[in-house]
Structures are given as C-alpha cells and as structure tokens.
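Please examine the sequence and the predicted model shown here. The paragraphs that follow go through the fold of one chain, the core, a sheet and the contact between chains.

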Amino acid sequence: MSVEIKNLSHTYSEGSPFEFKALKDINITIEDGSFIGIIGHTGSGKSTLIQHLNGLLTPTSGTVLVDGKNIFESKKAELIQLRHHIGLVFQYPEHQLFEETVQKDVAFGPKNQGLSDDEIDQRVRQSIKMVGLDFDEIKDKSPFELSGGQMRRVAIAGVLAMEPSVLILDEPTAGLDPRGREEILAQIKSLHSQKQITVILVSHSMEDIGKMVDKILVMNEGEVIFFDTPNHVFTEITTLESIGLAVPEVTYLMRRLKEKYPEIREDIFTVEAAKKEILKVIRGS
Amino acid sequence: MIMESKNRMIDVRDVYFTYPHNNENESVVALDGVSLHIEKGEFVGIIGHNGSGKSTLSKLLNAIIFPTQGDVIVSGLNTKDHENLWTIRQTAGMVFQNPDNQLVATIVEEDVAFGPENLGVPPQEIRERVDRALAVVEMQAYAHQKPHQLSGGQKQRIAIAGILAMEPECIIFDEPTAMLDPSGRREVMETIKRLNRDKDMTVIHITHFMEEIVAADRIIVLDKGKVVMEGEPRTIFRQVKRLKEIGLDVPQMTELAYELRIEGLKIADDVLSIEEMVNALCQ
C-alpha cells in the first residue's frame, strides 16, 4: 500500500493559550513496499505524524491518502477496515498486553477482524513464529511472566496477526539489550522482504536507521527537513547536528579520515561498509 | 573480620538473590553469588543483557530489596539492619529509565525540593540545596517551569537534581538514557560525567549503550546472575568475541578495528574512540 501525505497540518489545543503546531504542511509520498525511517528529536512531530496514518488523529488541515483513498473522508466502517491494514506498534507496546495467555493476546486483533477460528489460529501461530518465539512453548504462558524482550515480541506479534500491509513501528528497540535489538530488527527486515509490506520505522538510533531503510524522513519542529536516501541524509552532518541529531559513529570517522585519504567515501554509515571502504583505500594506496 | 577500607563506597559480599516464584511456582535466581566493590569517586559501568541481574543488583545497592544470602554494605552500613535504611537510601541515590515516572511536582524547583523536604531539612537549607542542585545540572533557568514542558533530557537532569538535593555520596543510574533522543542522551551523559569529575560523585552507570562507558574507570559484566568480566574498558571491550557470545555489543570503533584485524590489517585491538581509530589508520 502506498501512503500519500498531502498538506497535512496538525495543531493541538487550537485557539487556546496552549496552542501548539505539531505538524506544518507535510507533503510526502511513501511508495508501496518501501522501508522508511523517521528521525527527529523528541517533540519534532514524529508521533503526531504516524498517528495520522491510521486515522487515530484527525488533521487540522490536509489529508492522508492510502492507496489513493482519502482516509478522512471514508465512512466509519471503511476507516475501521483500513486500520486493519495499517498496523501501528506503539512505543513500549508490552504495556498494552492484557490477556491471560500469549495465544489469547495475539488472537485479539484477528478476532476483532471477524475471522474464522481456523484462520485466527493459523495467524497466531504464524505471527508468533515470525517474531522468533516458539509457539508451543509460549502459547499458554501469561504475557506478564515473560522477559522484557519476549513481551515486546508478543506485542509485535499481536499487530502482525492482523496481517497489515503497512507496518509502523515507534522505537521498537528502545530499552532492549544489544542482542534483543538486533533480533527484532532482523525480524522486521525479513518480514519486509518476505511479505513485501511497507514498513515505517521511527528510531533514535542512527546506526539502526542507517542499516535498515531505503529512505529517511527527517523531522524538526513539525516540518520535513529531508526525505531522501541514507547516503544523502547522513552527509548533511551540520544540518542534522543543528536540529539535535547525529550521524552514525563510522560516518564521523570517514569524515576525519578524509584529511589523510582525500579519495575516501563519506557516505558510509555501517561498520560493514566502513570496513570495505577503509580496506579499499588503504590497500589501494 | 574483613578490614573496612575507608575509601570503600560499596561492598557486595557473595550475594544471592532469588525472586520468590512466578506463576508456575518456579523461583528465579537473579543473582548467583556476586561479589564486587566500588571505591569512593569511581565511575563504574555495569553491562549485561536483559535478565542478567543488573537491575536486581541496583535495587540491592539502594536497599529497595535485600539479599537472600550474603551482605550488601553501603558506606560501611549493612542494608540488612533496618535502622540503616534511610541513611543508605540517602547515601546511594538512584535515577531510573523513565523520567516521567520520577517527577512528582508541578514546578521544577518544587520537584527538586521533594527529597530534602522528606528528609526534614530546614527550609532555608532546602532553598540552598535546590539552587545548588539545579546549577550542577545546568537547569537554573527552568526552576519555575512545569516539568511536562521539558524535553526528555531536561526531565532526566531534573530527576538527577532531585537526587543531588538529598546530598548522596553515590548515584546509581539504571539505564537513564534508554528513552532519550541523541541530544538528550548527550546532555545526560555530560551531566553524569561532570558529576563524577568535578564533584567527586561515585557513579554506577547501568546501560546498554557501550559508547557511554568507554571513559569509565571500570566495567563490570554480568551474565546469568554472575560477574563474568571485570576491568578497564580497554581490557573488556577488546574481548569482542566473548562479549558477543553473551549477547552484548562493543563500541562501533572497537568492532570496526576487530573486523579490520580479521582482514589482516595491522591495528590495535583496543581502539575505543574515533580519535584513536584516526590515529591508528593515519600513522
């Protein structure tokens, strides 16, 4: 599914002394099947933006088109249908677990979609497997006796079980240890390539964004600063720093190395790419 | 009888901690014979994957929970003696992950005053302590603001000021940057480092971000409730393979150096920072 954001503005508490313009005339198109990263400091408008994509917030002006359909002109029933296709995983989604068993919790979404018992069962099994958990081992456990990383996965499985065509994740790795972070990211990546769904990832980790996405949306004070490939965005170090962001450590390293090796590339943002480039330049000279 | 060193801030002696039981009536051993010590003025980083026992340890240091077996001594006081509780909690302050859960008042300076008020500090002295604490975290300009209008990094600095106003000798930071954006993380780390460097505060910093502790005096690695590695950052992080085996990471520069060595490049295995990497590659 493609998502088209048109002249979207959102003002909180309009007309009151607490009026706050959270989004100012946003215009971007997210292509079907792409993998987008959103970065920006706290309060830049990231969360406000993603909550418009499945109609949780209504725009002050402008609109969002999903597969060409204006979601804010849809009838309520259509909007509910649409929400089934746009899965939103909030920050700390494990706080939303509530059922007695993992199986019931993951089944909650598809059950509300009115699917048959067989279909629900199949989806629950599949999505638990997709997030790297063992269905038989975990299905009867209470979600509340799991570790933080496992709870996070169960919560993500609950969204996947609805088989969304657009998956939006708000900081899915916050608070996890390095292995937990890596595993969740790898699962998101394989989900994207296997199911060809559109993925929108909000993250504070420039390293994660650098290795995962096709395009980065950079937000600041409710506006889009860049919407481009990592190669282009991460070379704008000065602008990114001026809005409280940073680039991956290896990107800083490449810039420093340029003083000694003028031919070295600067558009590098993973350890893997840095290794190749450094070897090339050092062995070549 | 072990001689008490005068410079010893914390002594953890052969501590076991078992959480009673979960729903299936199994008890969970969170700490399995941990011994460690922290000297006054030290900056110690503690790393370990989720479930390794880090948070259990930090709660023991602050006398929120008590060892199933073994002793925790904070500034010479055993957490087992109930009359020591308040002194220990005042001596070892704690800052948690989520700033929103730690702020209680509607005005910044009232929030910072909450701790000393509860300690029965006289009003005039509370005033002085609050001003001093806000100055240390560089938040004086925000004294009359509402906490909810601050950024994550600023809120976390207010939480730190609230601890400072109780005049602790040691602060335990339990993943204080986990919920912050890059600039918030930088602000908080600079504040923590400054406290240790300029104010001689003993700092215990629990984190999943390896870059935050490359400048620590010492790193303690926990795995499955045991101390599995301990030493200077350089000695710890050069063991890339072992850290990865227990589900941890190394700073990006250390990892790059490790990868380059595998490719046959002659480069030290204990590179920690961009500066060191530049030097190594530009000799």
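In chain B of this predicted model, 62% of the contacts with a separation of 6 or more are between residues 24 or more positions apart. The secondary structure of chain B consists of 10 helices and 10 strands. The radius of gyration of chain B is 20 Å, and the globule rule gives 19 Å for 283 residues; because these values are close, chain B is as compact as a globular protein of that length. Along the principal axes, the C-alpha atoms of chain B fill a box of roughly 65 × 45 × 45 Å. Of its 283 residues, 48% count as buried.

How confident is the prediction? For chain B the mean pLDDT is 92, with 96% of the residues at 70 or more. The model as a whole has an ipTM of 0.81 and a pTM of 0.87. Where pLDDT is low, the predicted coordinates should not be read in detail.

The interior may be considered next. In soluble globular proteins, nonpolar side chains tend to be buried together. Here the largest nonpolar core comprises 154 residues, and the members with the most contacts inside it are I168(A), I200(A), V112(B), A133(B), A161(B) and I204(B). The element α6(A) supplies the largest share of this core, with 7 residues. Around I204(B), once neighbours within four places in sequence are set aside, the contacts are I38(B), V44(B), I46(B), C170(B), I172(B) and F173(B).

Chain A contains an open sheet of 4 strands in the order β2-β1-β4-β5, with antiparallel pairing. Why is one side of β2 (20-30) and of β5 (69-70) of chain A left without a neighbour in the sheet? Both strands stand at the edges and each has a single partner strand, so no neighbour lies on the other side. Strand β4 (residues 61-66) of chain A runs antiparallel to β5(A) and is joined to it by 2 bridges. In one of these strands, β5(A), K69(A) is the bridge partner of V66(A).

Finally, the two chains meet in a contact that takes 33 residues from chain A and 32 residues from chain B. On the side of chain A that touches chain B, the elements giving two or more residues are α6 (148-160), α7 (178-195), α11 (249-257) and α12 (271-284) of chain A. The residues on that side of chain A comprise 14 nonpolar, 11 polar and 8 charged. Thus α6 of chain A contributes to the contact with chain B, and α6(A) also gives the largest share of the nonpolar core.

Technical notes:
Residues numbered from 1 in each chain as written. Chains lettered and ligands numbered in written order. Predicted model: local features only at pLDDT ≥ 70, side-chain atom pairs only at ≥ 80, totals over all residues. Contact = placed C-beta atoms within 7 Å. Nonpolar A, V, L, I, M, F, W, Y, C, P; charged D, E, K, R; others polar. Pairing = 2+ DSSP bridges. Core = buried A, V, L, I, M, F, W, Y, C linked by C-beta atoms within 7 Å. Buried ≥ 20, exposed ≤ 12 C-beta atoms within 10 Å, placed from the backbone. Rg over C-alpha atoms; globule rule 2.2 N^0.38 Å. pLDDT = per-residue confidence, 0-100.
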